[in-house]
Amino acid sequence: MTTDKNLLKKLKLSSTKDQLTMAAGLGTLIELFDQTELKNQFISCLPERTSHRSVGSYQMALTLMAAFLYGYDCLEDLDHFRNDPKLAELFGNPTAAARTHGDFLRDFDETHLKKLNEFLNLMSRHIFEQMQLQLPEQFKPKKLIIDVDSTSHEQHGEKMEGLAFNYKNEWCLDSQVSFNQIGLCHGFQLRPGNTKSGLDAQSLIRQSFADGKKQVERKFKFNDFFRADSAYCKQDVIKTLVELGVLFTLTAHDGTTNWKELLENSGVTWSEWIYSQEEQERAAIKGKELPKIELTRMYWTPKWSEKEESKLVFPILVKRTWNKDKELELEKKGRQVSLFHDEGFKHEDPWDYYAVVTNFPLDLSTEKLVENSTTREKIKRYSIQEVFEHHQKRGNAENFIKEEKYGYDLKHFPCLKLNANYAYGQLAMVAHNILRWVAIMTKPEKPHFSKKLRKHFIFIPGKIVHHARQVFLKIMEFHYQGVRQLRERLRLNSERSPRQFSSA
């Protein structure tokens, strides 16, 4: 007798009264947050729920964060948690309805939002410090680099507070967010859709660097950096960064710095971009020609600093890349092109120009010893190419903004009140920091984003069993080993979790 291997076996469906869950790993991530010293600071940021029927602000906030970790798209999805016994067993109470969570979000006022933003910075710094203790030496983040950027959140309703058309003619809200170089969020602002890029950036910058350090301490340690695009190349941002003692690179805004005219009227000397041996070999394997790039520097004095007591001077670094398409276009038009002209920025020039304003200490040598009043410090001096290589990594912040929108569905917001949506976004960023912490601790060489992490650590089937006045969560051996390894990496207290109980 032969069987057809192309036929699927028929399985009979039947119901069960067993308590089953599809998110057995969710408790480990919530417990990770609950066991840290951050818990009490987080609770102090939340509005009180005074009703005797309320499950409490902390549980409601954790439920919202659990929804973000799980990947739910809207408040209505929270009602699915009411059918999953996992959170009820974890909290000791049934989860509140989606409508109740909406009321909770509407309780947030300006004071709560400010505290919650300060908490995001505190949380990111706590995780940053934990990584110094737990990660292998080669993966420890040695410096703090903050990237700030804004993005639009297009909506389709009409009654939501703050909706307006932006410069792209999008009907939207606008957010401004700061991430560090490993993707931890230090602050989140939600504003009306027609808010100009870079507005009120100085408050977000001060918050992101709030660590008790003084300007002199930062100046001589060179461990705090800031990067942003041309929307942040303006007076209040530069003043704030100088006051804090932070090293910064800002994409130069021609309207602010007039760098194109300055380049055209300055006698500058160009130097060639030096490609590494690895870059040359990679290009040779792919059969590609590396672009011709040249670098130079100028100096810029802001007009507003001339009116003040101390005159400020900042280097403007310029990179130009030879554009072959422009060269061919000019040849078709019959214009002569010189490969070695130094007259600067021209409309007929076959170069693409890009400029950066910075306060990095520049030098041809890599290091220079200087005498301090009490200590002998080694101050790093940067070449122009090193500054550009540092600034180019700013684009990684766009990946985290994309994660914010698609990984936690912050493309859309659920409430009509702006402050409620603001709190919703901040809680999403708290959840993002938890998942980012897990991502870096489990695979520091190449951290995964939320989609893959959920498959590995959250979407784990399990069975809840009550026995001998204890609650056990039974999961497959394969998943148990993965959760156990995660708990060991995060140094969670194993005494709270017997072998059969993966994450509560």
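Is Tyr480 buried or exposed? In the predicted model, Tyr480 counts as buried, because its relative accessibility is 13%, and the cut-off for burial is under 20%. Tyr480 is part of helix α19, which covers residues 477–490. Between the C-alpha atoms of Tyr480 and Lys443 the separation is 18 Å, with these positions 37 residues apart along the chain counted as their spacing.

The protein contains 19 helices and 15 strands. Its C-alpha trace spans about 85 × 70 × 55 Å along the principal axes. Of its 504 residues, 49% count as buried. Among contacts between residues at least 6 apart in sequence, 67% join residues at least 24 apart. The exposed area of the protein is about 27100 Å², of which carbon and sulfur atoms supply 50%.

Helix α15 (residues 384–392) has as its buried residues Ile384, Gln385, Val387, Phe388, His390 and His391. These buried residues pack against six strands listed by number: β2 (144–154), β6 (224–228), β7 (247–251), β9 (293–300), β10 (314–322) and β11 (351–358).

Two of these strands, β9 and β10, are also joined by a salt bridge between Glu294 and Arg320, with an N to O distance of 2.6 Å. This pair links distant parts of the chain, Glu294 lying in β9 and Arg320 in β10, 26 residues apart. Glu294 counts as buried at 9% relative accessibility, and Arg320 counts as buried at 1%.

The structure holds 22 salt bridges. Side chains of opposite charge can pair when their charged atoms come close. Arg206 and Glu243 form one such bridge, the closest N and O atoms being 2.8 Å apart. Here too distant parts of the chain are linked, with Arg206 in helix α7 (residues 201–208) and Glu243 in helix α9 (residues 235–244), 37 residues apart. Arg206 is partly exposed, at a relative accessible area of 36%, and Glu243 is partly exposed at 46%.

A salt bridge within a helix is formed by Glu118 and Lys114, whose closest N and O atoms are 2.7 Å apart. Because Glu118 and Lys114 are four residues apart in helix α6 (residues 110–134), about one helical turn separates them. An α-helix has 3.6 residues a turn, so residues three or four places apart point the same way. Glu118 is partly exposed, with a relative accessible area of 37%, whereas Lys114 counts as exposed at 54%. A network of salt bridges links Arg125, Asp211, Lys213, Arg218 and Asp224.

The protein carries 75 positive and 68 negative side chains, and the centres of the two sets lie 6 Å apart. On the surface, Lys446, Lys451, Lys452 and Lys455 gather in a patch of positive charge. Of these, Lys451 lies in helix α18 (residues 450–457) and counts as exposed, at 64% relative accessibility.

Most residues other than glycine have a negative phi. Asn258 has a positive phi, near 55°, and is found in the loop between α10 (254–257) and α11 (259–265). Its relative accessible area of 36% makes Asn258 partly exposed. Ala468 also has a positive phi, near 50°, and is placed in the loop between β14 (462–467) and β15 (470–475). Ala468 is exposed, with a relative accessible area of 56%.

Gly287 lies in the loop between α12 (277–286) and β9, and is exposed at a relative accessible area of 66%. The C-alpha atoms of Gly287 and Asn359 are separated by 38 Å, these residues being 72 apart along the chain.

How values were computed: Residues are numbered from 1 along each chain as its sequence is written. This is a predicted model: local features need pLDDT of at least 70, side-chain atom pairs count only at pLDDT 80 or more; totals for chains, interfaces and linings use all residues. Side-chain values use heavy atoms; hydrogens and water are left out. Patches are made of residues with over 30% relative accessible area and no salt bridge: like charges are joined within 9 Å, nonpolar side chains (Val, Leu, Ile, Met, Phe, Trp, Tyr) within 5 Å. Accessible areas come from the Shrake-Rupley method with a 1.4 Å probe; for residues, only the protein chains shown count as cover. A salt bridge is a side-chain nitrogen of Lys or Arg within 4 Å of a carboxyl oxygen of Asp or Glu. Lys and Arg count as positive and Asp and Glu as negative; His and the chain ends are not counted. The place of a charge is taken as NZ of Lys, CZ of Arg, CG of Asp or CD of Glu. Helices (H or I, at least four residues) and strands (E, at least two) are DSSP runs, numbered from the N terminus. Buried means under 20% relative accessible area, exposed over 50%, partly exposed in between (1.4 Å probe, protein chains only). Contact means heavy atoms within 4.5 Å.
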